[in-house]
Each structure stands twice: as structure tokens, then as C-alpha cells.
Amino acid sequence: MKLPTSSTDIATTAPDGLAAIRHENLDEKVYDRIRAMVADGVLAPGQRVAQEALAARLGVSRTPLVNALKRLAQDGLLRAIPRRGFRVRELSTLELVQLFELRERLEPLAAELAALRITPDEAQRMADEWRAMASLPDTPQAHQTYVERDRAFHRRLAELSGNPFLRAAMDPVSMMAAAYLHGTPRPWEDTVPDHLAVIDGLRRGDPVASGAAMRNHIAPSLAALRQTLTEAETPDRPDRPDGPDGPNVSDAQDALPPSPDTSPDASPELAGDTSHEPPKAA
């Protein structure tokens, strides 16, 4: 495949309609595109990355693609397998608990700082968006809208915090939460009032109220994950038989919402071999 030869050249449109990536800052653009695919579930946990198909989809050669995949493996979003390429990383329930424990500390701080910097107009726009979200029916399209809006909301609070170190710490945490639970382990409709409570604190310029509302937003998800982990570690569960070695952490995945479909039918040009090892806690 011929790559662009200048910063203004663009390769032909890829078969799925995605515009090919400009040559300028190519590695960074490929990295950003694949990262978004992981967050959106296009590349799902446990899925093998079919490099040739992905390179064709993005309209790039293998070199910038592999550079991006290596970087994503360093970020913890992918897992490099010797002589077999890359898979999207899976998280055990224990790791998800640890992830949300970190969110419970970082996100309230971002909300507190954002309350001191947000403009009334922006706070009002946020409130309008989330009130409109509350009126949507429960459909797959509405869920996708929620995921995108939720990701943008938390990212914007990190930006408004004015603290680049906090933003850098929150970015991979928010990305993993989006990728591995597709936003939240709770029904999205239940979390809309949480967002409105945070925004109410933002509108009033009240960092204490904003931070408390954010903690209340994350706490139920963390509690649900901890409960799932506890049940998986309990040896005498009456509701299901255990194997000879008893339950393990990976069993708790049964109680979580299913990941996006990783079968070849879900993304035939990217799925590749979808068999994978059981998740292991880090």
C-alpha cells in the first residue's frame, strides 16, 4: 500500500469508509485511532489484533501500525505475545476493583478543581446535555451515546482541573474503564442523575458538593465490583458448583456485563483468532 508522500497527501479511503491517515505525525495518529477502537469496543478485550487487516483499514503500512501497537502495549491496553502479535488486554475482577479504587480518588479531585474554573455557560451546556440524556429510551444507540458523553464529561473535568499531572494520571484510568466495562458496570440510566448532581455543584462553583457528588457516582460501581470479587473468592457458594480447585478471580467475570462481541461476525476483518487465556491479576 502506498503511503502519503507529503503532509498534504491523503491515501484513498479505506473500504469501511474511514479516511486514510495523513502522513504528518503518522505514528501518533495511528496510535490515537487504535486507542479509540479499544475504548469503543471495536477491538474488544481478549481479541487478537489482525495486523494486516487493521493496516488496510487505517490506510497505513505495517511500520507505523506496529509502532502504535508497541506503544499501546506499554500503556497496558494491549498484550504483546511472542511470535503471535498482540491481543487486547483483559482485566480480572480484582484489577477492575483496583481501577475503580483509583477512580474514586482521582475523579472527585478533578470535580473539585473544575468547580473553581468552569464558566456558567459551559456548566449550563453540560446540564442541558445530561437532561436530554435522561429522556432517551433504553436502546443500544442510547447506550453508545451515553458512553461517548460520559467519556467526554470525565475528560473535560480533568482538563478543567488545570492540573496536568492529574489529567495525565486520569487518562489511562478512564480509558481502561471505558474499554473493559464499556463505561460502567451499572445501568447507564441509573448514573444520569449522578452526573446531574456533579454538574449542579459545578454550576454553583461549589468544590465540596462537586467532589462529594462524584464520589457518590463512582462508589456504587466500586461496591458492585467488590461484591462480585467477594462472591468469586467465597468457597461455599450455594448458587453454582465449583471445580476441584474452587472458584477463582476470573469466575467473577460471569457476573459482569458482557464485553462487546469478539466473534469474527462482529468485526470480520479485525477479529482474527479470538481464543485467549483466562485473565490473570497483575
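Begin by selecting helix α8 (residues 188-203) together with helix α9 (residues 207-233), whose axes come within 7 Å and cross at roughly 165°. That angle makes α8 roughly antiparallel to α9. The model on display is a predicted one. Viewed as a pair, α8 passes α9 in a left-handed crossing.

Next, show the side chains at this contact. On the α8 side, select T191, D194, H195, A197, V198, G201 and L202; on the α9 side, select A209, S210, A213, M214, N216 and H217, which those α8 residues meet. By class, the residues of this contact between α8 and α9 divide into six nonpolar, six polar and one charged.

Remain on helix α9 and move to T228, which is found in that helix. Is T228 buried or exposed? T228 has a relative accessible area of 10% and is buried. Display the backbone of A224 as well: its oxygen is reached by the side chain of T228 at 3.0 Å.

Now clear the selection and view the whole protein chain. Its secondary structure comes to nine helices and two strands. Followed along the sequence, these elements give the pattern α-α-α-β-β-α-α-α-α-α-α. The protein chain has 282 residues, of which buried residues make up 43%. Among the contacts in the protein chain with a separation of 6 or more, 73% are accounted for by residues 24 or more positions apart.

The second helix pair to select is α4 (residues 93-115) with α6 (residues 140-160). In general, two packed helices are described by the angle between their axes and the distance between the axes. For α4 and α6, the axes come within 8 Å and cross at roughly 60°. These two helices are therefore oblique to each other. The crossing of α4 and α6 is left-handed.

To see which residues form this contact, select R103, E107, A110, A111, L113 and A114 in α4, which meet H154, L157, A158 and L160 in α6. Seven nonpolar, one polar and two charged residues make up the contact of α4 with α6.

Keep L160 displayed and add E122, which lies in helix α5 (residues 120-134). With a relative accessibility of 13%, E122 counts as buried. Which residues does E122 contact, leaving aside its neighbours within four places in sequence? Those partners are R156 and L160. Zoom in on the side chains of E122 and R156, which are joined by a polar contact of 2.5 Å. Then select R203 and set a distance between C-alpha atoms: E122 and R203 are 8.7 Å apart in space, although 81 residues separate them in sequence.

The final stop is the loop between β1 (78-81) and β2 (85-88), where R83 lies. What is the approximate phi of R83? The phi of R83 is near 65°, a positive value in a residue other than glycine. As a general point of reference, most residues other than glycine have a negative phi. Colouring by accessibility shows R83 as exposed, with a relative accessible area of 86%.

To review the tour, return to three of the residues visited in turn: T228 in helix α9, E122 in helix α5, and R83 in the loop between β1 and β2. T228 is buried and E122 also counts as buried, whereas R83 is exposed.

Terms used. Residues are numbered from 1 along each chain as its sequence is written. This is a predicted model: local features need pLDDT of at least 70, side-chain atom pairs count only at pLDDT 80 or more; totals for chains, interfaces and linings use all residues. Side-chain values use heavy atoms; hydrogens and water are left out. Axes are lines fitted to C-alpha atoms, for helices over the stretch in contact, and angles run from 0 to 180 degrees between N-to-C directions. Helices (H or I, at least four residues) and strands (E, at least two) are DSSP runs, numbered from the N terminus. Angles under 35 degrees count as roughly parallel, over 145 as roughly antiparallel, 65 to 115 as roughly perpendicular and the rest as oblique. A crossing is left-handed if the near helix is turned anticlockwise from the far one by less than a right angle, and right-handed if clockwise. Contact means heavy atoms within 4.5 Å. Ala, Val, Leu, Ile, Met, Phe, Trp, Tyr, Cys and Pro count as nonpolar, Asp, Glu, Lys and Arg as charged, and the others, Gly among them, as polar. Buried means under 20% relative accessible area, exposed over 50%, partly exposed in between (1.4 Å probe, protein chains only). A polar contact is a pair of N or O atoms within 3.5 Å; within protein, one must be able to donate a hydrogen and the other to accept it, and residues adjacent in sequence count only if both atoms are side-chain atoms.
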